[in-house]
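Colleague: I'm new to this one and would like a close look at a single part. Could you walk me through it and then show me what lies around it?

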Amino acid sequence: KYQISGLTKDDIVVRALTNNVKKAGDHNLQLLPEPVDGSDYYTIDSTSQNTINVFFDEMVTGRAFTIEPEIITNGSPIVGEGFSYGAVDLSEYTVTISGPASEINGIHKVVTKYTISEPLVSNFSTESQIIPVDINGNSDFQFLEYSGNVVLTIPVFKLKVLTTAVYFKNV
């Protein structure tokens with residue numbers, strides 16, 4: 001009976017040798033198969049694939065982006081009747097993002113969103129997530145690193161109509 005008759009794919013690990021990778025770009029890496037547990041009961045003489053082509057991206061550290069607030073109203077007014085609102089204020093107006101150059105270069109803008117569920121009648125603040133988006137509005141970046149939230153504040157003002165009168169003296 002052979003000792004390897006019970007071997008499965010889970011008993012073998014294949015490592016890509018990266019010791020010759022010195023810069024970003026396309027690289028052809030040699031594959032090295034070996035027993036998972038370091039066993040010397042068997043050796044692997046050949047594999048169906050000896051190399052793999054991979055792309056190593058350049059790491060970008062610390063690119064600053066301006067955060068744009070987006071208030072979503074779903075058709076309802078931002079403030080109630082008899083109120084007005086001022087410019088949306090953020091606790092931070094820029095975010096520093098690090099990650100692979102291909103993802104950083106794909107960022108079209110960085111937004112923070114809040115959806116108004118009912119018209120506001122007083123100042124409003126909430127923590128809001130920072131969202132990098134691409135040119136199509138998608139935010140499916142996988143490897144970006146940045147602080148995740150800002151405080152978004154909407155100042156609300158009460159409107160009041162005052163009657164005025166004009167009196168002329170010495171006319």
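Modeller: Sure, and keep in mind as we go that this is a predicted model. Let's begin with a charge and a ring: K158 lies over the face of F83, with 5.0 Å between it and the ring centre.

Now for the part I'd like to look at closely, the open sheet. Three strands make it up, in the order β1-β2-β3, and their pairing is antiparallel. The edges are taken by β1 (12–16) and β3 (51–56); each has a single partner strand, so one side of each is left without a neighbour in the sheet. Don't picture the strands as lined up perfectly, though: ignoring direction, neighbouring strands here are turned by 35° against each other on average. What holds strands together in general? Strands of a sheet pair through backbone hydrogen bonds, either parallel or antiparallel. In this sheet, β2 (residues 25–35) pairs with β3 in the antiparallel sense over six bridges. If you want a spot to find by eye, go to N28, whose bridge partner in β3 is N53.

Next, follow the chain into the loop between β1 and β2, where you'll meet L17. Is L17 buried, exposed or something in between? With a relative accessible area of 26%, L17 is partly exposed, because buried would mean under 20% and exposed over 50%. Leaving aside neighbours within four places in sequence, L17 is in contact with L29, Q30 and L32. As for L31, its C-alpha atom is separated from that of L17 by 6.3 Å, although the two residues are 14 apart along the chain.

Beyond this sheet, there is the nonpolar interior. In soluble globular proteins, nonpolar side chains tend to be buried together. The largest nonpolar core here has 22 residues, and I97 and V110 are the ones with the most contacts inside it. At least two residues of this core come from each of β4 (59–72), β7 (94–100), α1 (101–104) and β10 (149–154). Once its neighbours within four places in sequence are set aside, V110 has contacts that include F65, I67, V95, I97 and I130.

One last thing to look for is an aromatic pair, and a search of the whole structure finds one. The rings belong to Y114 and F124: their centres are 4.9 Å apart and their planes are at 40°, so the pair counts as tilted. Y114 sits in strand β8 (residues 109–115) and F124 in strand β9 (residues 124–133), so to speak ten residues apart, and the pair links distant parts of the chain.

How values were computed. Residues are numbered from 1 along each chain as its sequence is written. This is a predicted model: local features need pLDDT of at least 70, side-chain atom pairs count only at pLDDT 80 or more; totals for chains, interfaces and linings use all residues. Side-chain values use heavy atoms; hydrogens and water are left out. Rings of Phe, Tyr and Trp (its six-membered ring) pair if their centres lie within 6.5 Å; planes under 30 degrees apart count as stacked, over 60 as edge-to-face and the rest as tilted. Helices (H or I, at least four residues) and strands (E, at least two) are DSSP runs, numbered from the N terminus. A charge sits over a ring if NZ of Lys or CZ of Arg is within 6 Å of the ring centre and within 35 degrees of the ring normal. Two strands pair if DSSP finds at least two bridges between them. Axes are lines fitted to C-alpha atoms, for helices over the stretch in contact, and angles run from 0 to 180 degrees between N-to-C directions. A nonpolar core is a set of buried Ala, Val, Leu, Ile, Met, Phe, Trp, Tyr and Cys residues joined through side-chain atoms within 4.5 Å. Buried means under 20% relative accessible area, exposed over 50%, partly exposed in between (1.4 Å probe, protein chains only). Contact means heavy atoms within 4.5 Å.
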